[in-house]
Amino acid sequence: MTTNHPTTTIVYDDDSVRKFMIASIFWGLVGLGVGVLIAFQLNYWQMNGKFLELITFGWLKSEGVEFLTFGRLRPLHTNAAIFAFVGNMMFAGVYYSTQRLCRVRMASDLLSKINFWGWQFIIVCAAITLPAGYTRGKEYAELIWPINILVAVIWLVFAANFFWTLAKRNERSLYVGLWFYIATIVTITMLYVVNHLSIPTSFTHSYPIFGGVQDALVQWWYGHNAVAFFLTTPMLGIMYYFVPKSVNRPVYSYRLSVIHFWSLVFIYIWAGPHHLLNTSLPEWLQSLGMIFSLMLWAPSWAGMLNGLLTLRGAWDKLLTDPIVKFFAAAVTFYGMATFEGPLLSIKAVNALSHYTDWTIGHVHGGTLGWNGFLAAGMFYWLAPRLWNTKLYSTAMANAHFWMGMVGILLYVASMWVSGITQGLMLNATAEGGTILQYPNFLDTLQAIRPVMLFRAIGGSLYLFGFGMMAYNIWKTARSGEAVNGTVEIGDSAMEEMVQNQKQGFRSFLNAPVIYASLLIFFVCVTIFSNGALFIFGILMTTFVVVGAIAHFEFSKVAWTVWYEKLLDHSFGFTVLTIIAAAIGGAIQIIPTVTVQRADNIEGRIQIPYTPLELAGRDIFVSEGCYNCHSQMIRTMVPEVLRYGDYSHLGESIYNFPFQWGSKRTGPDLAREGGKRSDDWHFYHMQDARSVSPGSNMPNYPWLFEKDTKVSQLPNKIHAMRMLGVPYPIDLSEEDIQAQVDEQAAEIVAGLAEKGAFVEPEKEIVALIAYLQKLGAYREAGEKIDAAEAQAGSELTAVK
């Protein structure tokens, strides 16, 4: 006799998935299109707006368009690729898989709609403000403060919807994909909030609360881990769901996924300082960054192998199924990128690769190969299911794969050649290391122009393939009808889940959690102490390890049971994930923020900018000059020979934000002040080739037409004073205006003597003032009287 158990039909919210997927494809085309444009700009400076005159046969006269320069468009490209393309793809994958893994509809349709439309509004705001020059000047964190607040709000909406869905789930245990989604949400929240803490000076401008070395550390703690927890962990969750689905096979190893997750979450967060090797960052932080980056090889390759071996027994599908092709290639590119990343974090290798195109090739290998191909495979798998039809053209999908593959390989290979060539040329010395073999920076630029062009061609091929996918998905959607997935859930199963969620904090009270917490605590005691406390840390660490192993050997089966109990409770799992991810950042950042301040620094201390120089610095940041010029001379003989004495920690302590940079398309500017005359800078900004033949820098005619925003300086100086910059407390608006007028008049008079005429209120004057101040410092302990402090005069000549 058959008993009929009552069931409930759950209808999934696949409409949100469709919207996010379409948005991802659209913004992907935009982001890739901008990327191709700026790639060509690096070869042809005329592409910085002047091409409008070329393509209209002279009808539109233009020496340059300010919102189409490389410095303005590069942040648009990176933000579009990361937050618009990959961000929308991530939301699509998370919304689709979470509902199936939890066997429940997303908790709130309203929150899903707010998430979608709010995110698109953020992207539109970014697309308007970044080309307009409104930026914070920090890589991957350029958005101005009102947009940042909106990002935080929408991200919390997404988080609330996700965790609410977990609480309502009808599946007892959390699947591995959900672990990575949890890590993404909580860690990105922590990273984004800390790195975007700012003091507003107007609706479109603010200064970060961290400056100099503090800002450098916090920025790359964020910048590196934005890659880790926005471009990697959610993609791994998507991989763990969609790759097994595509071949109808289980994940290769559950135990390997456990090791992969916890080691990745704990180790990744420590690796940020490898972006600052050989700089003035304290040595202990550089060493930690390098060591933990090398440790990343193990968990990263554990994930790659788990993904590839999941395809075991289905390799024949590589011949016929484009979806499997994309997934297999994506996981392979993940392995390549996570091998290359630790390699580039070795100090000796980093001395060659940093500030060159090698890093650009590494980043794009991961983004185009890992994120882009994973997105394509997921979209091709989803489209027929979301519109209840067949894929429009398998042949076109296969063509897309090969077009994209050739594009990636051409791009990455050209950047390897370009980066290694430039690194070797810039570091080459002669006569026993006493002189530079290539003293002119432009020699290296001319040498890599051909391979830079191949980069643009490779990007164009990838863009064309992506366009083929967009057309294929559009035709697939047109041939079908939008449908929502459903699942039947027994009422008894739903009641069981309600009772299970009431167990609450029991997920913390198990041996793995307790041993792991004790081990982390005593390891930290050992690392950051000395004397008796150091010995105590070693003894307790040893005791915990031995005790854990003995306990494991005594009750092997129970360990699995304990971990499964942890997976029954999303709250406990989330708290432990936060702890694992937060430890590294706290240990690195808190000592740096509290100790590395101007009051505690010995040696050289930066001299604050005058009001006009501060305005010039903001213009420098607004134009995106930090995308091509660094301000950090590394502790390497070739750099000292080329640029001057290596940069000291205190010499950028008042820089909000820091300007150490990550790529040199032009020379370093840390000691630019006084090297060249005012009129040289004047003509360089007007037409770089008139003073630097062969330069690929765009023209900046608007700097000679736009007025410096002097009215904003009182608020800016007040914010700087709050951040610890020693501006006089009684500096009035009239004093600020008088100082600006006096310094501007002096610069204009000097230019006029050389035949360069400009009005004193123009932006070019403020920019020249800033460039001529770079490298000015005083010795710590050297007293400054009020007049000198007010004028920001140089006490020590640094040339």
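Helices, of at least four residues, and strands, of at least two, are taken as DSSP runs and numbered from the N terminus. In the predicted model, the protein contains 28 helices and eight strands. Its radius of gyration is 28 Å, close to the 28 Å given by the globule rule for 799 residues, so the protein is as compact as a globular protein of that length. Along the principal axes, the C-alpha atoms occupy a box of roughly 105 × 75 × 55 Å. Buried residues account for 60% of the 799 residues.

Helix 1 spans residues 14-41. From the first C-alpha of this 28-residue helix to the last, the distance is 41 Å, close to the 40 Å expected at 1.5 Å a residue. At the start of helix 1, a polar contact links D13 and D15: a side-chain oxygen of D13 comes to within 3.5 Å of the backbone nitrogen of D15.

A nonpolar patch of about 570 Å² is present on the surface. The residues that make this patch are W284, L519, V523, I527, F528, V545 and I549. Two elements, helix 18 (511-527) and helix 19 (532-554), each supply two or more of the patch residues. The largest contribution, three residues, comes from helix 18.

Helix 18 has 17 residues, and its first and last C-alpha atoms lie 24 Å apart, close to the 24 Å expected at 1.5 Å a residue. V523, one of the patch residues, is located in helix 18. The relative accessible area of V523 is 31%. Because this value falls between the 20% limit for buried residues and the 50% limit for exposed ones, V523 is classed as partly exposed. The value also satisfies the requirement of over 30% for patch residues. Helix 18 also has buried residues, namely A511, P512, V513, F522, C524, V525 and T526. Among them are F522 and C524, whereas V523 is partly exposed.

A further polar contact involves Q772, which belongs to helix 27 (residues 763-773). The side chain of Q772 reaches the backbone nitrogen of G674 at a distance of 2.8 Å. With a relative accessible area of 17%, Q772 falls under the 20% cut-off and is therefore counted as buried.

Definitions and conventions. Residues numbered from 1 in each chain as written. Predicted model: local features only at pLDDT ≥ 70, side-chain atom pairs only at ≥ 80, totals over all residues. Heavy atoms only, no water. Patch = residues over 30% accessible without salt bridge, like charges linked within 9 Å, V, L, I, M, F, W, Y side chains within 5 Å. Areas by Shrake-Rupley, 256 points an atom, 1.4 Å probe, with all protein chains shown as cover. Salt bridge = Lys/Arg side-chain N within 4 Å of Asp/Glu carboxyl O. Buried < 20%, exposed > 50% of the residue type's maximum accessible area, 1.4 Å probe, protein only. Expected span 1.5 Å × (residues − 1). Polar contact = N/O pair within 3.5 Å; in protein donor to acceptor, adjacent residues only side chain to side chain. Rg over C-alpha atoms; globule rule 2.2 N^0.38 Å.
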